[in-house]
Amino acid sequence: MSKKTLLLIHTGGTISMSEDESGSVKPEGENPLMRHTPNLNDYADFFVEAPFTLPSPHITPDHMLELKKIIEKYYLEKGIHGAVITHGTDTLEETAYFLDLTLRLSIPIVVTGAMRSSNEIGADGLYNLISAVRVATSDEAFGKGVLVALNDEIHTAVNVTKTHASNVSTFQSPQYGPIGIVTKNAVLFHHTPKLDLKYSISELSKNVAIIKAYAGMDSRLFSALADLNFDGVIIEALGQGNLPPGTVSGIQDLIEKNIPVVLVSRCFNGIAQDVYGYEGGGRQLKKMGVIFSNGLNGQKARLKLMIGLAQSDDPEYIAAMFK
Ligand code: ASP
């Protein structure tokens, strides 16, 4: 069988960095992935792009949009069979989810990164890159949405999250697990993901904040958000979707100003729901017009709301996106 052609996009992150004598990890000269990527051509032919080289805390939704456009361009002009993106791990899940929501392509798009920089003992970058390439060339990866491949596991963009500050097994999909694994000889999928709708987007101009709830919280942060011209807010609420009573008036103000308020749970597992009937409980919040998300974490709900607000400010449209 002839080799497939992939687009390989390097964006920076630890996978492209090195450690100096003082132990500081940073980008240094040429991206090492551009220098030595042994055996990659055994798996596929490549177009290589490096539109920016950034630590992932510097990545913005505009960079994500740029990546989407690059992938679409190569798909249309070169007929690529898939794409692999190397990315810093801190915001990797956000880029993966943004692409998952906005790319209307069935070819495999696989995002990867590394927890150890290129010259550290046990560096995982090249290994993860080769795994991601193998996943992207697998026929079974077709039509599964944007995937994240690290540490021998394949996760969906919608469920995966960074769970550990330094461990190489940091990427997990709480509640759901990986949808496949990478072994020495094979790429094996054991689940087929349920795909979300895709949203057309050509620019992003809306500001959405994330606020985490805590015991004894009051309304001041919510009141400040409207003054700061935020267009929407994600609240990482307590437990099953509840807030301290002192926050209710601030949230009411936001809703009256037509600023959508989307609620996720600050718990690592589980889905926010309108169960509790007390002051600040989910029942009251839902009646007020707070939108309960469908299990996304805060950072992914934020991207979805930004994308939604770029399409429409109709509260019903926005609410339907989170069903
Ligand atoms: N801080 C780094 C980044 O996200 C971590 C990594 O790449 O793993 O760019």
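**View 1. The two domains of the protein in this predicted model****.** The protein is divided into domain 1, which covers residues 5-189, and domain 2, which covers residues 208-321. Measuring from C-alpha centre to C-alpha centre, domain 1 and domain 2 lie 31 Å apart.

**View 2. The interface between domain 1 and domain 2****.** The size of an interface is often given as the accessible area lost when the parts come together. Between them, domain 1 and domain 2 bury about 1,200 Å², and 68% of this area is on carbon and sulfur atoms. On the side of domain 1, the residues E94, Y97 and Q175 supply 38% of the area buried against domain 2, which is more than any other three residues supply. In terms of contacts, 17 residues of domain 1 meet 13 residues of domain 2. Between the two domains there are 8 residue pairs in polar contact, counting pairs with both residues at pLDDT 80 or more, whereas the count of salt bridges is 0.

**View 3. The shell of residues around the ligand****.** The ligand is surrounded by G13, T14, P55, S56, P57, G88, T89, D90 and A114. Sorted by character, the residues of this shell comprise 3 that are nonpolar, 5 that are polar and 1 that is charged.

**View 4. Polar atoms of T14, S56 and T89 beside oxygen atoms of the ligand****.** For T14, a polar backbone atom is 2.8 Å from an oxygen atom of the ligand. For S56, a polar side-chain atom lies 2.5 Å from a ligand oxygen, and for T89, an N or O atom in the side chain is 2.4 Å from an oxygen atom of the ligand. On its own the ligand has 260 Å² of accessible area, of which the protein covers 85%.

Technical notes. Residues are numbered from 1 along each chain as its sequence is written. This is a predicted model: local features need pLDDT of at least 70, side-chain atom pairs count only at pLDDT 80 or more; totals for chains, interfaces and linings use all residues. Side-chain values use heavy atoms; hydrogens and water are left out. A residue is near a molecule or strand if one of its heavy atoms lies within 4 Å of it. A polar contact is a pair of N or O atoms within 3.5 Å; within protein, one must be able to donate a hydrogen and the other to accept it, and residues adjacent in sequence count only if both atoms are side-chain atoms. Accessible areas come from the Shrake-Rupley method with a 1.4 Å probe; for residues, only the protein chains shown count as cover. Ala, Val, Leu, Ile, Met, Phe, Trp, Tyr, Cys and Pro count as nonpolar, Asp, Glu, Lys and Arg as charged, and the others, Gly among them, as polar. Domain bounds come from an automatic or database domain assignment. Contact means heavy atoms within 4.5 Å. Buried area is the accessible area (1.4 Å probe) that two parts lose on being put together, summed over both. A salt bridge is a side-chain nitrogen of Lys or Arg within 4 Å of a carboxyl oxygen of Asp or Glu.
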